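This report describes selected features of a protein structure for a reader who is new to the subject. Please keep the sequence and the three-dimensional view at hand while reading.

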Amino acid sequence: MTTGTDDAPSLPDATTHDEAHNGAAAYLQSRLAVRNDITDADFDVPVIDISPSFSSSLENRQAVAAQIQKACTTSGFFYITGHRVPENARKAILRQAERFMHELNTGQKEELHVKNSKFGLGWEPSDYTSIAGDQEQKEVFNFAYEEALDPTGGDGLYRNLDGTKYKGNLWPKEQDLPGFYDAVKEYYGAVLDLARHLFRLFALSLNLPETYFDSMTTHPGGIARLLYYPPPKNPQPVGPSSEEQIGLGAHSDYECFTLLLTSSTPGLEILKPSGQWHIATFIPDSFIVNVADFLMRWTNGLYLSTVHRVVNRGTEARYSVPFFFSVNYDTVIQTLPTCLKEGEKSVWKPIEAGEYILERLNATTQYGLGFQEQGVESSQQTRQLNQ
Ligand SMILES: O=C(O)CCC(=O)C(=O)O
Ligand SMILES: [Fe+2]
């Protein structure tokens, strides 16, 4: 690693919205600048059976943690099987994603429009956000943590990303989409349990006490998305092409780590050190897990928050449900002392979890204005056009 020297490359501070618009290449550079020792030969997205991690034997849990550590330091991505999230909950949430997109009419979706939320919650039509400036071919429903969804019931301290009092999610009306909320609740509870379990394995993988992160996740951030990527109008060959229809532009995730469930149509592409895209295959009954920015910052770049994107190259629609697991939003993320060798300095400044996520989310809106402000701007434009 080449971190911590005075002549280390000056990295763009990830809290500015400019970074998000710098394009995939510059953005990737800021990720790779701290790990220039990695090549495509090291890049591996392994399948890790985590069932031994539920064992009462510490040795078994450590063996899984060691596999996680290897994946986090070579690609930042891995699949997990043996995760205990019931098949019916996984099938049901993907089915609800499909129902949301196709059974709600435009008026019902408009009532849930993200422009009504300062935090990007609700329904997002395809062109409302863009991560890297592409015209993204996707439609989304975003929702966040709420105590009713947390199997622990939470601790009563959950707040919005900016620390203000939480008003809750924008849910479709029960009569518009019967059973939707119940399916979301069952799935969300199961992945939240799994995320807390995995966080202990991440702690072990960093030679920290297993419960190191527990107190940071008593009212954690956990934004989830139902994503729909329609089949492309034209065939999408692999390889650079100006015709490429980007589903979701190149980006890294912002939080601790992401748990991604997908339908069987592939689409996730992960940037390799050479700058080529690795197409992630669909593995039935697995989740894809990836390191996100907080774990990268805690580990001073040892764990890779790798750039990825989505391109639907198939003939079928793709549905996916990423769950972005964060710590409590008032947690300050700074380099773990155990990740700084003698004489090394932190690459990144300490940041507050909620504030960082909100800045990065706002950067995906037009001119980085933020969700409500963009909404105001759009309606003003509409009014002007109507005059
Ligand atoms: O839809 C996918 O497969 C990935 C989505 C993703 O990377 C994201 O929402 O951050
Ligand atoms: Fe992502």
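In this predicted model, E136 has a relative accessible area of 3% and therefore counts as buried, since the cut-off for a buried residue is under 20%. E136 is placed in the loop between β3 (122–124) and β4 (139–143). A polar atom of the side chain of E136 lies 3.0 Å from the backbone nitrogen of I131.

**The iron ion and ligand 1**

Which residues of the protein are the donors of the iron ion (ligand 2)? They are H251 and H308, each through the atom NE2, and D253 through OD. These donors lie 2.1 to 2.2 Å from the iron ion. Along the chain, the donors follow the spacing H-x1-D-x54-H. Both H251 and D253 are buried.

Two of these donors, H251 and H308, also appear in the surroundings of ligand 1. This ligand is surrounded by 13 residues, and the closest are Y229, H251, H308, R318 and S320. Three of the side chains have a polar atom, that is N or O, for which a distance to an oxygen atom of ligand 1 is listed below.

| Residue | Partner | Distance |
|---|---|---|
| Y229, polar side-chain atom | oxygen atom of ligand 1 | 2.6 Å |
| H251, polar side-chain atom | oxygen atom of ligand 1 | 2.9 Å |
| H308, N or O atom of the side chain | oxygen atom of ligand 1 | 3.1 Å |

**Cavities**

How many cavities of 30 Å³ or more does a search of the whole structure find? The search finds seven. The largest cavity has a volume of about 280 Å³. It is lined by 20 residues, of which N142, R225, Y254, F324 and L361 are the closest to its centre. The strands β5 (222–229) and β6 (248–251) each contribute at least two residues to the lining of this cavity. Sorted by class, the lining of the largest cavity consists of nine nonpolar, five polar and six charged residues.

The second largest cavity holds about 140 Å³ of space. Its lining is made up of 16 residues, and those closest to its centre are H251, L260, L268, H308 and P322. H251 and H308 are thus found here as well as among the donors of the iron ion. At least two lining residues come from each of β5, β6, β7 (257–262), β11 (308–310) and β12 (318–325). Among these strands, β12 gives the most to the lining of the second largest cavity, with four residues. By class, this lining has nine nonpolar, five polar and two charged residues.

**Helix α8 and helix α3**

Why can helix α8 be described as largely enclosed by the rest of the structure? The reason is that eight of its 10 residues are buried. The buried residues of α8 are A353, G354, Y356, I357, L358, R360, L361 and N362. One of them, L361, is also among the residues closest to the centre of the largest cavity.

I357 belongs to this helix, which spans residues 353–362. With a relative accessible area of 0%, I357 is buried. I357 and S263 are 94 residues apart in sequence, and their C-alpha atoms are 27 Å apart in space.

C72 is found in helix α3 (residues 58–74). C72 has a relative accessibility of 0% and so counts as buried. Along the chain, C72 and N290 are 218 residues apart, yet a distance of 7.9 Å separates their C-alpha atoms.

**Two asparagines with positive phi**

N207 has a phi near 55 degrees, which is a positive value in a residue other than glycine. Phi of N300 is likewise near 55 degrees and positive, again in a residue other than glycine. N207 lies in the loop between α6 (180–205) and β5, whereas N300 lies in the loop between α7 (293–298) and β11.

Are these two residues buried or exposed? N207 counts as exposed because its relative accessibility is 69%, and the cut-off for an exposed residue is over 50%. N300, in contrast, has a relative accessibility of 0% and therefore counts as buried.

How values were computed: Residues numbered from 1 in each chain as written. Chains lettered and ligands numbered in written order. Predicted model: local features only at pLDDT ≥ 70, side-chain atom pairs only at ≥ 80, totals over all residues. Heavy atoms only, no water. 1 Å grid on protein atoms, 1.4 Å probe; cavity = no way out; pocket = protein on both sides within 12 Å on 5 of 7 lines; lining within 4 Å. Points joined across faces, edges and corners; volume = space filled by probe spheres on them. Nonpolar A, V, L, I, M, F, W, Y, C, P; charged D, E, K, R; others polar. Donors = N, O, S within 2.8 Å, 3.2 Å for Na, K, Ca; no water. Buried < 20%, exposed > 50% of the residue type's maximum accessible area, 1.4 Å probe, protein only. Near = heavy atom within 4 Å. Polar contact = N/O pair within 3.5 Å; in protein donor to acceptor, adjacent residues only side chain to side chain.
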